[in-house]
Amino acid sequence: MPRRITVVSNPTSGRNSSRHAAVIELVQRAAKTRGDSVEFVQTTVPGEATKTGRRVKGSASDLAWRAVQDGADIVVGCGGDGTIGEVANGIIGTNAILGGLPLGTGNDFCRALGLTSGLEHGVDTLFDGTPRLIDAGKCGEGYFINVAGCGFDAQVAERINKGFRFLSGTPAYIAATLSTLARYKPVPLRLVVD
């Protein structure tokens with residue numbers, strides 16, 4: 001039976017926007033050969049839903065939620081860990097399947113699932129792979145599927161996204177870690193768990 005797939009793309013993720021165009025072409029070709037329908041939507045406010053835990057109009061979580069309301073069977077985050085996490089927030093509690101195409105800086109979530117050996121492999125897995133269950137944690141109003149960080153970890157992530165756009169992958173994390181370490185001041189933290 002043909003599936004309805006929505007790809008939510010974050011054009012600001014990663015360091016090479018031409019990769020997004022390559023993914024679109026690969027996904028369209030794969031959908032056509034398998035008889036599935038695919039729709040591409042693009043975020044307009046990257047990162048907002050991650051910060052607020054709520055669906056913000058134009059965010060990946062909002063677009064993912066709308067895709068499910070329109071009948072999508074699979075909703076794919078095309079970007080980095082933040083984009084895929086936002087897509088997950090948009091579909092948690094529905095019957096839609098989460099997919100991920102790694103186009104971010106670190107791509108830790110996709111790496112953990114074995115999806116970083118090339119775009120072709122990621123697209124093939126999207127169409128021919130077997131869905132598996134993953135855990136989702138809840139923090140405040142939002143969910144996380146990969147990692148939740150605060151303090152030093154969160155400042156390193158923010159530094160990567162704001163100050164090291166010329167680097168990617170491990171070099172970006174090393175540069176951001178060293179930069180943050182040089183001026184990091186610990187912050188008080190109160191953690192309440194059930």
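## A parallel sheet, its helices and the spaces beside them

A30 lies in helix α1, and in this predicted model the residue is buried, with a relative accessible area of 7%. Leaving aside its neighbours within four places in sequence, A30 is in contact with V123 and F127. A30 and E120 are 90 residues apart in sequence, yet their C-alpha atoms lie 9.6 Å apart in space.

Helix α1 also holds H20, which is likewise buried, again with a relative accessible area of 7%; the cut-off that matters here is that buried means under 20% relative accessible area. Setting aside neighbours within four places in sequence, H20 is in contact with S9, N10, P11, S13, C78 and L103. The C-alpha atoms of H20 and R3 are 17 residues apart along the chain and are separated by 22 Å. S9, one of the contacts of H20, has its place in strand β1 and counts as buried at 8% relative accessibility. With neighbours within four places in sequence left out, S9 is in contact with H20, V41, Q42, T43 and C78.

The table sets out the three residues described so far.

| Residue | Element | Relative accessible area | Contacts beyond four places in sequence |
|---|---|---|---|
| A30 | α1 | 7% | V123, F127 |
| H20 | α1 | 7% | S9, N10, P11, S13, C78, L103 |
| S9 | β1 | 8% | H20, V41, Q42, T43, C78 |

**The sheet**

Four strands form an open sheet in the order β2-β1-β3-β4, and the pairing is parallel. The edge strands are β2 (37-42) and β4, each of which pairs on one side only, and the twist averages 20° from one strand to the next.

Strand β1 (residues 4-9) and strand β3 (residues 74-79) pair in the parallel sense over five bridges, and within this pairing V7 has V76 as its bridge partner in β3, while V8 has G77. On the other side, six bridges join β3 to β4, and these two strands also run parallel; here the bridge partner of V76 in β4 is G99. V76 therefore has a bridge partner in each of two strands, V7 in β1 and G99 in β4, where a strand pairing is defined by at least two bridges.

How many of the residues of β3 are buried? Six of its six residues are, and the strand is mostly covered. In a regular strand the side chains alternate between the two faces of the sheet. In β3, I74, V76 and C78 point one way and V75, G77 and G79 the other way, and all are buried.

Two helices lie across this sheet. Helix α3 (residues 60-69) lies across β1, β2 and β3 and runs at about 170° to β1, whereas α6 lies across β1, β3 and β4 and runs at about 170° to β4.

**The cavity**

Rolling a probe the size of a water molecule over the atoms shows where empty space is left. A search of the whole structure finds one cavity of 30 Å³ or more, and the largest cavity has a volume of about 30 Å³. V7, S9, H20, V23, I24, F40 and C78 line this cavity, and the elements that give two or more residues to the lining are β1 and α1 (18-34). The largest share, three residues, comes from α1. The lining divides into five nonpolar residues, two polar and no charged.

**The second largest pocket and helix α4**

The second largest pocket has a volume of about 700 Å³. Of the 28 residues that line this pocket, the closest to its centre are I97, L98, G99, P131 and R132. Among the contributing elements, α4 (81-91), β4 (97-102) and α6 (119-128) each supply at least two residues of the lining. By character, the lining residues divide into 17 nonpolar, eight polar and three charged.

Helix α4 is largely enclosed by the rest of the structure, because eight of its 11 residues are buried. The buried residues of α4 are T83, I84, G85, E86, V87, A88, G90 and I91. Just after α4, G93 takes a positive phi of about 90°.

How values were computed: Residues numbered from 1 in each chain as written. Predicted model: local features only at pLDDT ≥ 70, side-chain atom pairs only at ≥ 80, totals over all residues. Heavy atoms only, no water. 1 Å grid on protein atoms, 1.4 Å probe; cavity = no way out; pocket = protein on both sides within 12 Å on 5 of 7 lines; lining within 4 Å. Points joined across faces, edges and corners; volume = space filled by probe spheres on them. Nonpolar A, V, L, I, M, F, W, Y, C, P; charged D, E, K, R; others polar. Axes fitted to C-alpha atoms, helices over the stretch in contact; angles between N-to-C directions. Contact = heavy atoms within 4.5 Å. Buried < 20%, exposed > 50% of the residue type's maximum accessible area, 1.4 Å probe, protein only.
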